[in-house]
Amino acid sequence: PITRCNTPVIIAVQYKKMHQILSPCQHAARRRLLASLVYAQPMLIRVCLNSGFLVLMWLLFATPGNAAEWSAEPSIRAGGEYNDNLRLTIQPHDTVKGREISPKLGLSARSEIWQIGAGAELIHKRYSGDSELDRDDKLFNLSSSYKTERSQWGLSGAKSKTSVLADRQIDVNTGLIQVQRDQDARSISPSWSWNMTELTQLKLSYAVSDVSYANGESIGLYDYRSQTITSRITREFSQQNSGLIDVGYSFFRVPKTGVESRNTSVQAGFIRIFSEDSSGSLTAGLRQTATFVPGGLPTYAYDKNGAIFQTGVSTTQHADSTSSVYNASLERLMNNVRISITLRRALDPGSNGNQAKTDYFGLNLERPLSARFTAYLFTEAYKVSTITSTISGTDRKLYRVEPRVRWKWTPELSVDTTYRFTHLKRASEDSAAKANAVYLTLVYQWQKIS
């Protein structure tokens, strides 16, 4: 029987059986059988997420004899915005004004050996001047863990329906398209950690995600499925220094086109606590990718208006590539200013038919001005380079500067005033798109209910 606990094992066994019964020349049949297993994953993800929420509800309303502590954290965000180029286009466009209201709820329960939490957020946004930008996002998440004497089991998952044009956070889709589309995403990730010795820990994790788009193919957005297996060994050399080794494998597939990518990576690094106010980490290594693109597929490119047009037909391709990967972070408190620096290169699942190599740099500053006022400065730079795909012209560079001031009006109510400048240069366009946005946001956080 298929359960949330043995699903990865069943998939692994089935995949092993395929290699035993199929000859090397039967590549097409093997891909079809593997796809049938992948297609079943959305249903399994939904079953796991629904089961997790039922378990959480049972734990929250359990009898006092179970010695469980539970809590609820409700909040609501409301505000308005002014944006002179929300679509990040170089074509003539209108300035828009928006209003938002977003309730949020977090639930958690814990005991000495287990903990489980869930969250839900609804984002309701309406714009004057361009009603096509209106959106109603829904986000749900679940996390849990169970500890034994030397090991810890974990299970996390998420389900969301969001807008591709959402401008709050930079990701691999930022600046890809200039029209509104809904994105449905589901993911689940079990993990297991084992304390091999007092100073050495082994962690194994598996993650699977399923992403789809409403009417996405008309603008170059393809549904995809991604799986990742990671193993990490961490060794503590002292209270301030730890070393680690990561080995990972991932599989990416676009069901519509049959494009597939297999990636292996090896990284090594360290974690260093310099002082009570300063810490840093660094991992670096190599990533190898094997990509398969079937022949006979239509190939596309983006024009200057953000629309796609056909450029020809693909030929069968087997492409191999090697690249460096790294992830570095540094946090420090200096002269009452908290500094956070992030530098990262990774291969992320992309919505335009294949994966994308992403380079990211972030610098965040936080400084209290008084007992009630705090100033922030967020700066980000992002570069996206798509590997072999059926859509060209999707490479782009983006940077963003965002100063913010927060007024803690009361212990529960805060007011944020934010300005954001965004600069985006697409490879398919001669000039860069620029956007200025101003936000005024009120956040009310109820005291924790327990």
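**Salt bridges, strands and surface**

Arg253 counts as buried, because its relative accessibility is 11% (buried is under 20% relative accessible area, exposed over 50% and partly exposed in between, with a 1.4 Å probe and protein chains only). This is a predicted model, so local features need pLDDT of at least 70 and side-chain atom pairs count only at pLDDT 80 or more, while totals for chains, interfaces and linings use all residues. Residues are numbered from 1 along each chain as its sequence is written, and side-chain values use heavy atoms, with hydrogens and water left out.

Buried or not, Arg253 has a charged partner: its side chain meets that of Glu260 in a salt bridge, with N to O at 3.2 Å (a side-chain nitrogen of Lys or Arg within 4 Å of a carboxyl oxygen of Asp or Glu). Glu260 is buried as well, since its relative accessible area is just 2%. Glu260 also forms a salt bridge with Arg262, where the closest N and O atoms are 3.3 Å apart. Arg262 sits at 28% relative accessibility, so it counts as partly exposed. Elsewhere, Arg77, Glu81, Glu100, Glu121 and Lys125 are joined into one network by salt bridges that share partners.

In total, the structure holds 18 salt bridges. Another of them pairs the side chains of Arg232 and Asp246, at 2.7 Å from N to O. This pair ties together distant parts of the chain, with Arg232 in strand 8 (residues 224-236) and Asp246 in strand 9, 14 residues apart (strands, E, at least two residues, and helices, H or I, at least four, are DSSP runs numbered from the N terminus). Strand 9 itself covers residues 241-253. The two ends of the bridge differ in cover: Arg232 is partly exposed because its relative accessible area is 31%, whereas Asp246 is buried because its value is 11%.

The Arg232 and Asp246 side chains also make a polar contact, again at 2.7 Å (a pair of N or O atoms within 3.5 Å; within protein, one must be able to donate a hydrogen and the other to accept it, and residues adjacent in sequence count only if both atoms are side-chain atoms). Leaving aside residues up to four places away in sequence, Asp246 touches Ser231, Arg232, Ser265, Val266 and Gln267 (contact means heavy atoms within 4.5 Å).

Further along the chain, Phe421 lies in strand 20, which spans residues 413-426. With residues up to four places away in sequence again not counted, Phe421 touches Tyr399, Arg400, Val401, Lys434, Ala435 and Asn436. Phe421 and Thr379 are 42 residues apart in sequence, and their C-alpha atoms lie 9.7 Å apart in space.

Strand 21 (residues 433-445) contains Val438, which helps to build a nonpolar surface patch. Together, Tyr82, Tyr419 and Val438 make this patch of about 260 Å² (patches take residues with over 30% relative accessible area and no salt bridge, joining like charges within 9 Å and nonpolar side chains, Val, Leu, Ile, Met, Phe, Trp or Tyr, within 5 Å; areas come from the Shrake-Rupley method with a 1.4 Å probe, and for residues only the protein chains shown count as cover). Val438 counts as partly exposed because its relative accessibility is 40%.

A small set of strands deserves its own note. Three strands form an open sheet with mixed pairing, in the order 13-12-18 (two strands pair if DSSP finds at least two bridges between them). Its edges are strand 13 (308-313) and strand 18 (391-392), each pairing on one side only. Strand 12 (residues 298-302) and strand 18 run parallel and are joined by two bridges. Tyr300 has Ile391 in strand 18 as its bridge partner.

Finally, the backbone has a couple of oddities in its loops. Asn215 is not a glycine, yet its phi is positive, at about 55°. Asn215 sits in the loop between strand 7 (200-213) and strand 8, and it counts as exposed because its relative accessibility is 56%. Asn335, another non-glycine residue, likewise has a positive phi of about 55°. The loop holding Asn335 runs between strand 14 (317-334) and strand 15 (337-348). Asn335 is exposed, since its relative accessible area is 66%.
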